[in-house]
Amino acid sequence: MWAGAWERACTRRCRRARDRWYRNIDKPDRPTRDVRLAACPAPAVRWRYPMSISPSPQVVELAPGIFAYIQPDGGVMLNNAGFIASGSDLLLIDTCATEARTKALLAAAQAKTGLRPTLVVNTHHHGDHTFGNCVTNPAPIISHEYARRRILATGLAPMSLTPTVQFGDLVLAAPTITVESHAHLYVGAIEVHLLHLGVAHTAGDLVVWLPESRVLYAGDILFNGGTPFLIDGSLSTYDRVLDKIRDLDPRLIVPGHGDPAGTDLLDETWDYLRWLRRLVEEAHERGQSPLEAARAADPGPFSEWLDSERLVVNIARGLAEINGAAPAEPLDYARMFADMTALRGGPIHTLA
Ligand SMILES: [Zn+2]
């Protein structure tokens with residue numbers, strides 16, 4: 001309904017935002033050429049940033065002051081983030097994998113709100129959502145206690161898993177405030193709930209729930225168009241987390257990767273997990289290795305999802321749990337990445 005208004009206001013709004021961006025941006029990041037704005041099909045505003053960000057990120061305003069930051073194609077190291085602005089407060093939800101991408105995220109937030117982050121939430125510990133934490137300094141960073149422990153334990157070492165990515169000048173910046181089950185924040189006039197709903201993508205997932213607008217930032221509990229990844233998670237408890245998300249009755253969901261969606265995304269993820277569970281049971285009965293089971297599987301519609309080689313890791317997770325492993329108990333990372341490479345027939349792919 002406000003799409004038409006957006007289209008009419010688009011050029012004027014974009015010009016104003018660009019001017020504000022030029023005024024506020026830190027000098028070292030000042031662009032060397034004009035910020036060029038591509039067509040702005042409502043509700044997404046497509047920006048082209050001067051820092052060689054490709055594919056171009058998108059900013060989507062989901063409700064007044066509530067934004068999703070989408071990095072196509074949503075594959076490896078191309079996470080979503082978000083920002084919520086009210087009054088003089090700006091809550092940033094996740095950072096990005098690289099210095100340039102996180103600077104582009106901050107520039108987008110500043111262009112839309114005129115603000116720099118006053119608080120950052122990490123939805124979980126993975127580097128695509130946290131490596132850029134240091135760029136947000138001095139904003140305090142909040143996460144689940146487990147996520148902080150993992151960030152401190154692994155540091156920036158996982159960068160070596162994607163050697164083609166130019167990470168830039170980053171240093172480790174761990175969260176300094178932690179949550180175990182839930183916390184309520186007030187970003188200006190906007191009430192924000194941080195909720196740990198159980199073990200799904202990791203043991204330290206936090207979702208960001210906005211009860212008034214019914215917008216949910218799900219982190220990597222949900223991928224839209226990408227394959228769920230259980231390397232640090234749990235197949236046995238994932239469904240319960242999805243149920244709890246459904247009980248919140250979200251209007252819009254920002255997944256950790258891919259476009260914002262409705263609750264259909266919960267159904268799709270549920271279907272994948274049900275199919276995965278059947279594969280795991282069959283592999284267990286037949287005594288197959290995760291790689292044997294993954295190679296024999298017919299992924300049907302799931303073959304079109306990005307990074308489908310994660311299947312071998314997800315089967316390994318399920319088999320470990322059938323054999324008594326606790327949710328999120330560490331798997332053999334080196335073996336998991338070797339199996340994904342074997343299943344894919346080449347190294348992990350990323351456009352980052
Ligand atoms: Zn993740």
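Start by selecting residues 264-286 and 310-322 in this predicted model. The first range is helix α6 and the second is helix α8; they pack at an angle of about 60°, with their axes 9 Å apart. That angle makes α6 oblique to α8. Turn the view until one helix lies over the other: α6 passes α8 in a right-handed crossing.

Now show the side chains where the two helices meet. From α6, pick Leu276, Arg277, Leu279, Val280, Ala283 and His284. Facing them in α8 are Asn314, Ile315, Gly318, Leu319 and Ile322.

Keep Ile315 selected and move on to the interior. The largest nonpolar core has 89 residues, and Ile315 is among those with the most contacts inside it, together with Tyr69, Phe83, Leu91, Val207, Val208 and Ala218. Helix α2, residues 99-113, gives the most to this core, with eight residues.

From that group, centre the view on valine 208. Which residues is valine 208 in contact with, leaving aside its neighbours within four places in sequence? They are Ile93, Val121, Val192, Leu194 and Tyr217.

Val192 leads to the next stop. Select residues 182-187, which are strand β10, and residues 190-195, which are strand β11. The two strands pair in the antiparallel sense over six bridges. Val192 belongs to β11, and leucine 185 stands opposite it. β10 and β11 form a hairpin with two residues between them. In the turn, look at glycine 188, which has a positive phi of about 55°.

Next, go to histidine 129, in helix α3 (residues 127-130). Is histidine 129 buried or exposed? Histidine 129 has 27 other C-beta atoms within 10 Å, so it is buried; the cut-off for buried is 20 or more. Not counting residues up to four places away in sequence, histidine 129 touches Asn79, Asp94, Thr95, Asn122, Thr123 and His124. Add aspartate 220 to the selection and draw a distance between the C-alpha atoms. Histidine 129 and aspartate 220 are 9.3 Å apart in space, C-alpha to C-alpha, and 91 residues apart in sequence.

Finally, zoom out to the whole chain. There are nine helices and 14 strands. Of the 352 residues, 46% count as buried. Among contacts between residues at least 6 apart in sequence, 66% join residues at least 24 apart.

Terms used: Residues numbered from 1 in each chain as written. Predicted model: local features only at pLDDT ≥ 70, side-chain atom pairs only at ≥ 80, totals over all residues. Core = buried A, V, L, I, M, F, W, Y, C linked by C-beta atoms within 7 Å. Buried ≥ 20, exposed ≤ 12 C-beta atoms within 10 Å, placed from the backbone. Helix = DSSP H or I, 4+ residues; strand = E, 2+ residues; numbered from the N terminus. Contact = placed C-beta atoms within 7 Å. Pairing = 2+ DSSP bridges. Axes fitted to C-alpha atoms, helices over the stretch in contact; angles between N-to-C directions. Parallel < 35°, antiparallel > 145°, perpendicular 65-115°, else oblique. Left-handed = near helix turned anticlockwise from the far one by under 90°.
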